Amino acid sequence: MITTRQLHGPTEAKDLLLELRTNLDEELFSLRLKRAVSNGYRVLVALEDENQIGALGYRFSEDLYWGKTFYIDDLIVAEDHRGKRVGETLLNAAQKMAQAENCDYIRLCSGLKREDAHRFYEKNNIRASSIQFAAIVER
């Protein structure tokens, strides 16, 4: 049976989160994680027999257009557990948490080429609604 649990500290899910953020070395990942935590980043994990098989990193935000938002920064399911409803279980838990916090929306960004992820989100009632633009800040 798959259960979910809020972690006391996101570093407990470091190995899973690093699977998703392959573009970061451990030092940069740790620095960014520390900064994210200081800005409200939290992690919910999916467990099977106390083993972490999925993680959902999130934070709450508030803005003029969307109102109060449960924002999903990271969603990863261990490769050997994909297709076993782990991601769905995490999204269902996120939905309950968003309701409990009186959020108006659940939002996330997903890379344009991640078509499998897009189908998964659509199947779970998270609809594409905009395109994100980004620019590197020159230093």
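In this predicted model, helix α3 (86-100) makes the greatest contribution to the lining of the largest pocket, supplying 6 residues. Strand β4, strand β5 (105-108) and helix α4 (115-123) also each provide at least two lining residues. The volume of the largest pocket is about 1,200 Å³. Its lining comprises 37 residues, and those nearest the pocket centre are Arg107, Leu108, Cys109, Ser110 and Tyr121. Divided by class, the lining consists of 18 nonpolar, 11 polar and 8 charged residues.

Cys109, one of the residues nearest the centre of the largest pocket, was also examined for disulfide pairing. A disulfide requires two cysteine sulfur atoms within 2.5 Å, and the count for the model is 0. The closest cysteine sulfur to that of Cys103 belongs to Cys109 and lies 16 Å away, so the separation is too great for a bond. Cys109 accordingly takes part in no disulfide, its nearest cysteine sulfur being that of Cys103. The two cysteines were also assigned to accessibility classes. Cys103 is classed as buried because its relative accessibility is 17%, below the 20% limit for that class. Cys109, with a relative accessibility of 38%, is classed as partly exposed.

Strand β4, which contributes to the pocket lining, spans residues 67-77 and contains Asp74. This residue has a relative accessible area of 9% and is therefore buried. A polar contact of 2.6 Å joins the side chain of Asp74 to the side chain of Arg21. With residues up to four places away in sequence left out, the contacts of Asp74 are Leu17, Leu20, Arg21, Tyr41, Ala55, Leu56 and Gly57. Arg21 thus appears both in this contact list and as the side-chain polar partner of Asp74.

Backbone geometry was considered next. Most residues other than glycine have a negative phi. Glu50, a residue other than glycine, has a positive phi near 70°. Glu50 is located in the loop that connects β2 (42-48) and β3 (51-63), and its relative accessibility of 61% places it in the exposed class. A positive phi near 70° is also found at Arg85, likewise a residue other than glycine. Arg85 occupies the loop between β4 and α3, two elements that each supply at least two residues of the pocket lining. Arg85 is counted as exposed because its relative accessibility is 56%, a value over the 50% cut-off.

Notes:
Residues are numbered from 1 along each chain as its sequence is written. This is a predicted model: local features need pLDDT of at least 70, side-chain atom pairs count only at pLDDT 80 or more; totals for chains, interfaces and linings use all residues. Side-chain values use heavy atoms; hydrogens and water are left out. Buried means under 20% relative accessible area, exposed over 50%, partly exposed in between (1.4 Å probe, protein chains only). Helices (H or I, at least four residues) and strands (E, at least two) are DSSP runs, numbered from the N terminus. A polar contact is a pair of N or O atoms within 3.5 Å; within protein, one must be able to donate a hydrogen and the other to accept it, and residues adjacent in sequence count only if both atoms are side-chain atoms. Contact means heavy atoms within 4.5 Å. On a 1 Å grid over the protein atoms alone, a cavity is a set of points where a 1.4 Å probe fits but cannot get out, and a pocket is an open set with protein on both sides within 12 Å along at least five of seven lines; lining residues have an atom within 4 Å of a point. Grid points are joined across faces, edges and corners, and a volume is the space filled by probe spheres set on the points. Ala, Val, Leu, Ile, Met, Phe, Trp, Tyr, Cys and Pro count as nonpolar, Asp, Glu, Lys and Arg as charged, and the others, Gly among them, as polar.
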